[in-house]
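Grab a coffee and open the viewer: here are some exercises to work through with the structure on screen. Each one sets a task, and a worked solution follows.

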Amino acid sequence: MKYSNLWFGMIITALLWSCGSEAPPPPNDPEAVLKQYQGLVDKNLLEKAKALSTPAGQAWLDELKAIVEEEPDSTLFHTRFLSVNCMGEGDTLRCQCVLEDQYERYTSDYHLVKLNGQWLVDAPQDEIQIDNDILEQLPDSLVREMMQE
């Protein structure tokens, strides 16, 4: 009798644990995808954020992971979306957002692509602007290499 109760308890525990470990399906609303993605990035859960990313976005997260691993505690954020305005046609969207974290309020653009019926966050499309004063201080070989890219 003692062992049957023990087995029954173990089976119930295993069933409850297996039900609770199943991940919910990803959201398919662009705004919900953005918020869930940013929440994962804020907590440095970059591997989980990859599930909401395009292949280019996943590569970008790998680059971010290398930076974050240097000082993980200093890169935790709590980002709040104050506004989200998504525009686009077909399977691509550009979402202009006003965000706020524990340090500042700022604007950011996200690019979303619909792949296999799921909205995914693409790699950032930020253009890098380099001041001419900085260019003059760089070695010529490095400037030529940057210009070729």
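**Exercise 1. Find the residue in E4 that stands opposite Leu115, then work along the pairing of E3 and E4.**

Step 1. Start at Leu115: across from it, in E4, you'll find Gln118. Keep in mind that this is a predicted model.

Step 2. Move to Val113, whose opposite number in E4 is Leu120.

Step 3. Now take the pair of strands as a whole. E3 and E4 run antiparallel to each other and are joined by four bridges.

Step 4. Look at the turn. The E3–E4 hairpin has two residues between its strands, and Asn116 has a positive phi near 50° there. Asn116 isn't a glycine, despite that positive phi.

Step 5. Check the accessibility of Asn116. Its relative accessible area is 85%, and exposed means over 50%, so Asn116 is exposed.

**Exercise 2. Work out the order of the strands in the sheet and which ones sit at its edges.**

Step 1. Begin with E1 and E2, an antiparallel pair with seven bridges. Met87 faces Arg94 of E2.

Step 2. Go on to E2 and E3, which are antiparallel too and share nine bridges. Thr92 has Val113 of E3 as its bridge partner. The link from E2 to E3 is a hairpin of four residues.

Step 3. Add the E3–E4 pairing, antiparallel over four bridges, and you can read off the order: an open sheet of four strands, E1-E2-E3-E4.

Step 4. Pick the edges. E1 and E4 each pair on one side only, which makes them the edge strands.

Step 5. For the twist, neighbouring strands in this sheet are turned by 30° against each other on average, ignoring direction.

**Exercise 3. Decide which faces of E4 are covered, and say what lies across the sheet strands.**

Step 1. Take one side of E4: Gln118 and Leu120 are buried there.

Step 2. Flip to the other side, where Trp119 and Val121 are buried as well. Both faces of E4 are therefore covered, since buried means under 20% relative accessible area.

Step 3. Look for a helix over the strands. H2 lies across E1, E2, E3 and E4, and it runs at about 140° to E1.

Step 4. Follow the chain on from H2. The loop between helix H2 (30–42) and helix H3 (46–49) holds Asn44, a residue other than glycine with a positive phi near 65°.

**Exercise 4. Find the aromatic pairs and classify each one.**

Step 1. Count them: there are two.

Step 2. Take Phe77 and Tyr103. Their ring centres are 5.9 Å apart and the planes meet at 80°; over 60 degrees counts as edge-to-face, so that's what this pair is.

Step 3. Place the two residues. Phe77 is in the loop between helix H4 (55–68) and strand E1 (80–87), Tyr103 is in the loop between strand E2 (92–100) and E3, and 26 residues separate them, so the pair links distant parts of the chain.

Step 4. Compare their surroundings. Phe77 is partly exposed at 35% relative accessible area, while Tyr103, at 62%, is exposed.

Step 5. Turn to Phe81 and Tyr110. With 6.1 Å from centre to centre and 35° between the planes, this pair is tilted. Phe81 belongs to strand E1 and Tyr110 to strand E3, so the pair ties together parts 29 residues apart in sequence. Both Phe81 and Tyr110 are buried.

**Exercise 5. Locate Pro124 and describe its setting.**

Step 1. Find Pro124 in the loop between E4 and helix H5 (132–137).

Step 2. Check its accessibility: at a relative accessible area of 36%, Pro124 is partly exposed.

Step 3. Relate Pro124 to Asp109. They're 15 residues apart along the chain, with 7.8 Å between their C-alpha atoms.

**Exercise 6. Sum up the chain: which elements does it have, and how much of it is buried?**

Step 1. Count the elements: six helices and four strands.

Step 2. Read them from the N terminus: α-α-α-α-β-β-β-β-α-α.

Step 3. For burial, 25% of the 149 residues count as buried.

Step 4. For the surface, the chain exposes about 11100 Å², and carbon and sulfur atoms supply 55% of that.

Step 5. Finish with contacts. Of those with a separation of 6 or more, 43% are between residues 24 or more positions apart.

Definitions and conventions: Residues numbered from 1 in each chain as written. Predicted model: local features only at pLDDT ≥ 70, side-chain atom pairs only at ≥ 80, totals over all residues. Heavy atoms only, no water. Buried < 20%, exposed > 50% of the residue type's maximum accessible area, 1.4 Å probe, protein only. Phe/Tyr/Trp six-rings, centres within 6.5 Å; stacked < 30°, edge-to-face > 60°. Pairing = 2+ DSSP bridges. Axes fitted to C-alpha atoms, helices over the stretch in contact; angles between N-to-C directions. Contact = heavy atoms within 4.5 Å. Areas by Shrake-Rupley, 256 points an atom, 1.4 Å probe, with all protein chains shown as cover.
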